[in-house]
Each structure stands twice: as structure tokens, then as C-alpha cells.
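Good morning, and thank you for making time for this presentation. I would ask you to keep the sequence and the structure in view while I speak.

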Amino acid sequence: AGNWKMNLDHLQATHLVQKLDWSLRDGKHDHGAVEVAVLPPFTDIRSVQTLIDGDRLPLKYGAQDLSVHDSGAYTGEISGAFLAKLGCTYVAVGHSERREYHNETDAVVNAKIKAAYTHGLTPIFCCGEGLEIRQAGEQVAHVLGQIEAGLDGLPAEQAASIVIAYEPIWAIGTGRTATPQQANDICGGVVRQTVRELYGEAVADATRILYGGSANDKNIRELMEQPDIDGALIGGAALKVESYGEMVRVT
Ligand code: PGA
């Protein structure tokens with residue numbers, strides 16, 4: 001999934017999605033084997049929908065956030081109901097930039113995950129520790145706490161369909177990727193293991209776990225070779241069709 005963050009207006013969005021489709025067609029990409037999604041800014045979604053529906057492109061799309069509320073006096077907020085109406089499949093929840101700049105707590109993230117399911121959207125639930133936590137060696141407890149809080153009260157079928165993205169904050173946009181081993185240790189040893197403890201083996205097998213944080217066309221292969229990494233959440237590199245297309249092919 002490509003997380004565009006606050007980049008590309010709706011015209012640029014249409015161009016990128018069109019080029020991405022061409023590039024994947026060129027490489028004969030099997031969308032049944034590896035799903036490709038884009039998460040553009042809200043204002044781009046309608047245009048992206050029109051293109052994807054109109055040309056029947058085999059791409060998925062979604063939003064980067066949603067409100068905990070369904071509707072009402074919440075100026076500036078976007079309801080999951082609106083995203084569902086736009087045909088979104090996914091919505092990112094609890095990205096570290098939302099947690100940091102918008103003070104989203106674990107409780108808010110949990111409420112947003114539930115709001116996503118209320119409207120038939122699949123959350124891409126983001127977790128990950130900051131540099132200080134990693135340096136103190138407390139990443140396991142930190143991520144474990146985020147996963148338990150985020151999944152609190154979620155029924156098993158939702159836990160099986162959720163996508164969880166492990167994104168160490170020190171690796172996001174910094175060019176400093178987690179080593180494949182570091183990434184897999186958390187994706188498997190903490191994220192999948194916590195899901196397993198909460199819901200059992202079958203659910204843990206079904207949950208899709210992504211790695212995010214300076215993933216690019218150079219390091220993606222090694223990351224994707226890890227047994228507990230099912231895909232990637234890609235920021236900067238998703239804005240360049242060549243890199244993103246290559247990453248999809250390798251995945
Ligand atoms: P990055 O961002 O790939 O630019 O590090 C990833 C993300 O924040 O989802």
C-alpha cells in the first residue's frame with residue numbers, strides 16, 4: 001500500500017495511478033497474488049475512484065484517516081461512511097504522524113478501527129516505536145501495548161481481516177530502514193504473536209502484517225523474504241511510479 005501522506009493534488013493523483021497501472025501491466029503483475037493499494041489525500045479520492053472504476057483498474061484505494069464519529073458537528077472530520085460511499089477498501093488508522101501531530105491515543109486508534117469496520121472498511125492499523133524507545137530496548141513492550149489496545153474488543157473475524165503495519169518511527173522518512181531481522185522480529189515475535197495469543201493460530205495466520213519505514217526498491221526484497229512480513233506500507237517511494245512498480249513486482 002502506498003501512503004501518499006499530504007502529497008499530490010487530484011490531478012497529479014490521476015496521473016500517478018494511470019502510470020502505475022501501465023507499469024504494472026507492463027510487468028504482467030498478478031493482482032491476485034499481491035494486492036496493490038494507494039492511500040491518497042481525501043481530496044483526491046473521488047478522482048482516483050472515477051479512474052479506477054471507469055477503466056476497471058485492478059487497484060485498491062483508501063484513505064489515510066477517518067473520524068471516530070459517523071456524522072455530526074465535527075468540523076473538518078471525514079466519516080467512514082463517506083469513504084465507503086467513495087468505494088474505499090482501506091483506511092490507515094493510527095499512523096505515527098497522526099499519533100504525534102494530532103495526539104491520537106491508543107484509545108482513539110481503537111475507536112477508529114471500530115469505526116472503519118462499522119462502515120465496511122478494512123483498517124491498516126499502524127504501530128511502531130520511536131527512537132528513544134528502541135534505544136532503551138523497550139520496543140517489544142511498546143508495540144505489544146499498542147496492539148492489545150488497538151484490537152481491544154474486536155471480534156475474531158475482524159482481527160483476521162485487519163492489516164497491521166509495523167512502522168518503527170525512527171525508520172519513517174529517514175532513509176534508515178529497520179534490518180530485515182529487526183522488522184521480522186517485531187512483525188512475527190510481537191504483532192503476529194499477540195494476535196495469536198488473543199485469537200488463536202488461524203486468525204494469526206490470516207492477519208496481514210506489513211512493514212513500513214524507508215522501504216524502497218533496493219531493500220524491499222530482503223524485507224519481503226522474511227516469513228512474518230506479508231507486504232509493505234510505503235511512503236516516499238510510493239510517489240515514484242518506477243520505484244513503487246518495482247517494489248510491487250519484488251513483493
Ligand atoms: P516512508 O513512510 O516509506 O517514507 O518511510 C512510510 C510511512 O510513513 O507509511
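I shall go through the sheet, then the ligand and its surroundings, and finally two loop residues. Please bear in mind throughout that this is a predicted model.

Let us begin with the sheet. It is an open sheet of eight strands, with parallel pairing, and the order is S1-S2-S3-S4-S5-S6-S7-S8. Its edge strands are S1, residues 2-3, and S8, residues 231-233, each of which pairs on one side only. As general background, the strands of a sheet pair through backbone hydrogen bonds, in either a parallel or an antiparallel sense.

I should like to look more carefully at strand S4, which spans residues 90-93. Are the residues on its two faces buried or exposed? Tyr90 and Ala92 on one side are buried, and so are Val91 and Val93 on the other, which leaves both faces of S4 covered.

What are the partners of S4? One of them is strand S3, residues 60-63, which pairs with S4 in the parallel sense over two bridges. Within this pairing, Ala63 has Val91 of S4 as its bridge partner. Between these two strands the chain passes through helix H3, residues 80-85, and the resulting β-α-β crossover is right-handed.

Strand S5, residues 122-127, also pairs with S4 in the parallel sense, here over four bridges. In this pairing Ala92 stands opposite Ile124 of S5. S5 in turn runs parallel to strand S6, residues 163-166, and four bridges join the two. Cys127 has Tyr166 in S6 as its bridge partner.

We now turn to the ligand. How many residues surround the ligand? There are 13, and the closest are Lys5, His95, Glu167, Gly173 and Ser214. By character, this shell divides into four nonpolar, seven polar and two charged residues.

Several polar atoms of the protein can be placed with respect to oxygen atoms of the ligand. In Lys5, a polar side-chain atom lies 2.7 Å from a ligand oxygen. For Glu167, a side-chain N or O atom is 2.6 Å from an oxygen atom of the ligand. Gly236 contributes through its backbone, where an N or O atom lies 2.8 Å from a ligand oxygen. On its own the ligand has 280 Å² of accessible area, and the protein covers 95% of this.

Two of the residues just named lead us back to the sheet, by way of Asn3 in strand S1. Why does Asn3 count as buried? The reason is its relative accessible area of 6%, since the cut-off for buried is under 20%. A polar atom of the Asn3 side chain lies 3.1 Å from the backbone nitrogen of Lys5. The side chain of Asn3 also has a polar contact of 3.5 Å with the side chain of His95.

Finally, I come to the two loop residues. In general, most residues other than glycine have a negative phi. Arg56, in the loop between helix H2 (42-54) and S3, has a positive phi near 50°. Asn103, in the loop between helix H4 (96-101) and helix H5 (106-118), likewise has a positive phi, of about 50°, although it is not a glycine. Are these residues buried or exposed? Arg56 counts as exposed at 73% relative accessibility, and Asn103 counts as exposed at 63%.

Thank you for your attention.

Methods. Residues numbered from 1 in each chain as written. Predicted model: local features only at pLDDT ≥ 70, side-chain atom pairs only at ≥ 80, totals over all residues. Heavy atoms only, no water. Near = heavy atom within 4 Å. Polar contact = N/O pair within 3.5 Å; in protein donor to acceptor, adjacent residues only side chain to side chain. Areas by Shrake-Rupley, 256 points an atom, 1.4 Å probe, with all protein chains shown as cover. Nonpolar A, V, L, I, M, F, W, Y, C, P; charged D, E, K, R; others polar. Buried < 20%, exposed > 50% of the residue type's maximum accessible area, 1.4 Å probe, protein only. Pairing = 2+ DSSP bridges. Right-handed = clockwise from strand over helix to strand, strands pointing away.
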